[in-house]
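Biologist: Before we begin, could you put the model on the screen?

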Amino acid sequence: MSTGDPARAKTMAAATESVPPGRWTLARWAIASSTLGFPQAAGPVAFALVAVALTGDASGGAAMILAMTLAQVAGAIPLTRLGRRFAMAAFLRLLVIARTVALVAIAAGAASGISLAWLIALAAAAGLVNGAAYGYLRAVLNRIAPTAGLSRALGISATLNELTYVAAPVVASGLGSISPMLGIVAMALVGALPALLVPNLGPAAAAPSDAAPHRGAGSILRPAILLWLLCAAAGGATVAAIEIGAVALALKFGYEPALAILFTVPLCIASVAGGVWVSVRNRRATRGVVVAQLLVMSAGAALAASGLSVATTLAGAILIGLVLAPLATHYSLALDALAPPHRRPEVFALLRTANACGVILASALLTAVSLSTALSAITAAMVFATVAAGIASAKRREPVPPSRE
């Protein structure tokens, strides 16, 4: 890289010096990444318990989760673009603090008996920052990890995230059995940890060079980026179909609703195993491997949709879980390579938004049509994304991830 521009060289040197080195910094980032999603993981149980306490009907909790998810989709890009003028870590802390305030307001409002409509509005306020916060937190990783270590860091993060999604509902349920408000308070406290853990990158971390905005101006939704967003949305819908439809699957096979864990727990365990594999392997998958992983997820979705037996459905859930972390890691690395450096937070926010759209699609289908029809439609979406990735991979070579700037 040319160093003919003294101002640019000075800015880059200052940014590099502001990054705390060492494994502890990466460990802090990994913990921040896993706790950032705690409110979303605990929300379905915690919000349902609050709604039951106030109205006697758990459907109010589902409305709060829907509001939180829709707000995340709506706020991801505007808030990410707003943050360009601020230091990256500082703006991330501001987003997390805003969410914490909204969650504390939900707990206080539930304790004082405010209406469900206000709780839904507060849930939307809490969810508004989720996409942008993820985008900036993922962009922080590029500042503190060498390119060669990104796969390992993302694999560890995926593993911890799965553990969070297993533990958070248990914590919310345990505390909520004492008091529904305690579950919300736990969401607020654990979800606030990223504000304390994210390393300080200094003001230079948010400032691209003067020429960068012109080089990266315009839409970032190019076909190569849209491809991986499509795959992320289809994968998010596939996973959500198993997790959200687990109770319906248990009832379909004649089991009690509580035995929905027959499908969700193996999926999570398989996902943790996939995350460990990514961390140990610590290299980016080839195009052929990624297409093969998409085929495995499509096969898992098809097995779950077939409804032939508990065994086939369980096998489908395991196949989906095994490739969940490797695929998520590839999407992140691919978008990292495709996005202009100063617009990476925006692209990573889009990645989280695509996943949320998949969850919304799965929820809507499972609500509007029969279980078998919903699973079949989601399988078709997964197959479509797999075919698109296969065709694209056969036509072009993706760029190698650039060195950290």
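Modeller: What follows is a short exchange on one helix residue, one surface patch and one bent helix. This is a predicted model, in which local features need pLDDT of at least 70 and side-chain atom pairs count only at pLDDT 80 or more, while totals for chains, interfaces and linings use all residues. Residues are numbered from 1 along each chain as its sequence is written, and side-chain values use heavy atoms, with hydrogens and water left out.

Biologist: Is F47 buried or exposed?

Modeller: F47 is found in helix 3, residues 38–55, where helices are DSSP runs (H or I, at least four residues) numbered from the N terminus. Leaving aside neighbours within four places in sequence, F47 is in contact with G61, M64, I65, M68, I106, A123, I184 and M187, contact meaning heavy atoms within 4.5 Å. Under 20% relative accessible area counts as buried, over 50% as exposed and in between as partly exposed (1.4 Å probe, protein chains only). With a relative accessible area of 0%, F47 is buried.

Biologist: What is the C-alpha separation of F47 and G176?

Modeller: These two residues, F47 and G176, are 129 residues apart along the chain. Their C-alpha atoms are separated by 9.5 Å.

Biologist: Where does helix 16 bend?

Modeller: Helix 16 covers residues 310–338, and 21 of its 29 residues are buried, so it is largely enclosed by the rest of the structure. The bend, the angle between axes fitted to the seven residues ending at a residue and the seven starting there, is about 35°, with the proline P326 following within four residues, and its position is L324.

Notes:
Helices (H or I, at least four residues) and strands (E, at least two) are DSSP runs, numbered from the N terminus. The expected span of a helix is 1.5 Å times one less than its number of residues.
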